[in-house]
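I sat down with this entry to see how its ligand is held and what the space around that ligand is made of. My notes follow, in the order in which I looked things up.

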Amino acid sequence: MKHLPTLLVALSLFSCKQEEKNQPTYQQAGDAAVAEGDVANLSPEAKLGQEIFDGKGNCYSCHKPDQKVIGPSIQEIANIYKAKKGNMVSFLKGNEEPIVDPEMFETMRTNLILTKTFTDEELKGVEAYMYSFGK
Ligand code: HEC
C-alpha cells in the first residue's frame, strides 16, 4: 500500500488538469471528475475497452492503472507489450505464451475462458485501453 498516497496525489493532479482543459464547469463534482476526466481523452475504441475492462471482463479487480495488486499494473503490462511487440489480442484468445509474469500465468489463465468469447472488436478495444497507460 505504500504507493497509495502517490497514486492519490497523481490522480488529483490529473483531475485538476482535466478540469482546466476540458471541463471548466466541473469544479463541484469532486471524485466523479477523475472518472469523467479519464474517459475524456480515450479513443472510441479504448472507451469500449474500458467498459469491458471495468465491466463484464472484471479485469479491474486484478489490474490497477499503476500499482501491482493481484496482477501486474496496466501500465507495466502495456510497457512490456510495447517493448516486446507482444500480441495482446492473440494472447487473450489463448494463442500466445505469457510475456509479463509467466510464473503467475495460472491466475490469468482462467480469464482466457472469458476473453475467448469476446469479439475481435472488443479485444482490440481492451488492447487500446490498456496501451493508453503505456509510455
Ligand atoms: C484473478 C485475477 C485476474 C483477473 C480477473 C484478470 N487478470 Fe490479467 N493477469 C493476472 C495475473 C496474475 C497476471 C500475471 C501473469 C501473466 O503474465 O500471465 C495477468 C496478466 C495479464 C496480461 C499479461 C499477459 C502476459 O503476456 O504475461 C494481460 C494482457 C492481462 N492480464 C489482461 C487481462 C484482462 C484483459 C482481463 C479481463 C478480461 C484480466 N487480465 C483479468 C490476473 C488477473
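I began with the shell around the ligand and asked which helix gives the most to it. Helix 6 does, with five residues. I keep in mind that this is a predicted model.

Next I checked where else the shell comes from. Helix 4 (74–84), helix 5 (88–92) and helix 7 (120–131) each supply at least two residues, as does helix 6 (105–115). I counted 26 residues around the ligand, and the closest are Cys59, Cys62, His63, Tyr81 and Met108. Sorted by class, the shell holds 17 nonpolar residues, eight polar ones and one charged one.

Then I went through polar contacts, taking 3.5 Å between N or O atoms as the cut-off. Histidine 63 came up, with an N or O atom of its side chain 2.8 Å from a nitrogen atom of the ligand. His63 is also on the list of closest residues, so I was glad to have a distance for it. Isoleucine 99 takes part through its backbone: a polar atom there is 2.8 Å from an oxygen atom of the ligand. Asparagine 111 uses its side chain, where a polar atom lies 3.5 Å from a ligand nitrogen atom. By its number, Asn111 falls in the 105–115 range of helix 6.

My next stop was the space itself. Which pocket does the ligand take? The ligand takes the second largest pocket. I noted a volume of about 520 Å³ for this pocket. Its lining has 29 residues, and those closest to the centre are His63, Pro72, Ile77, Phe91 and Met108. His63 and Met108 are familiar names from the ligand's closest residues.

The elements that give two or more residues to this lining are helix 4, helix 5, helix 6 and helix 7. Helix 6 has the largest share here too, with six residues. How does the lining divide by class? I found 19 nonpolar, eight polar and two charged residues.

Last, I stepped back to the whole chain. I listed seven helices and zero strands. From the N terminus on, the order is α-α-α-α-α-α-α. The chain has 135 residues, of which 33% count as buried.

To close the page, I put two entries side by side: helix 6 gives the most to the ligand shell, and helix 6 also gives the largest share of the pocket lining.

Key:
Residues are numbered from 1 along each chain as its sequence is written. This is a predicted model: local features need pLDDT of at least 70, side-chain atom pairs count only at pLDDT 80 or more; totals for chains, interfaces and linings use all residues. Side-chain values use heavy atoms; hydrogens and water are left out. A residue is near a molecule or strand if one of its heavy atoms lies within 4 Å of it. A polar contact is a pair of N or O atoms within 3.5 Å; within protein, one must be able to donate a hydrogen and the other to accept it, and residues adjacent in sequence count only if both atoms are side-chain atoms. On a 1 Å grid over the protein atoms alone, a cavity is a set of points where a 1.4 Å probe fits but cannot get out, and a pocket is an open set with protein on both sides within 12 Å along at least five of seven lines; lining residues have an atom within 4 Å of a point. A molecule sits in a cavity or pocket if more than half of its atoms lie within 2 Å of its grid points. Helices (H or I, at least four residues) and strands (E, at least two) are DSSP runs, numbered from the N terminus. Ala, Val, Leu, Ile, Met, Phe, Trp, Tyr, Cys and Pro count as nonpolar, Asp, Glu, Lys and Arg as charged, and the others, Gly among them, as polar. Grid points are joined across faces, edges and corners, and a volume is the space filled by probe spheres set on the points. Buried means under 20% relative accessible area, exposed over 50%, partly exposed in between (1.4 Å probe, protein chains only).
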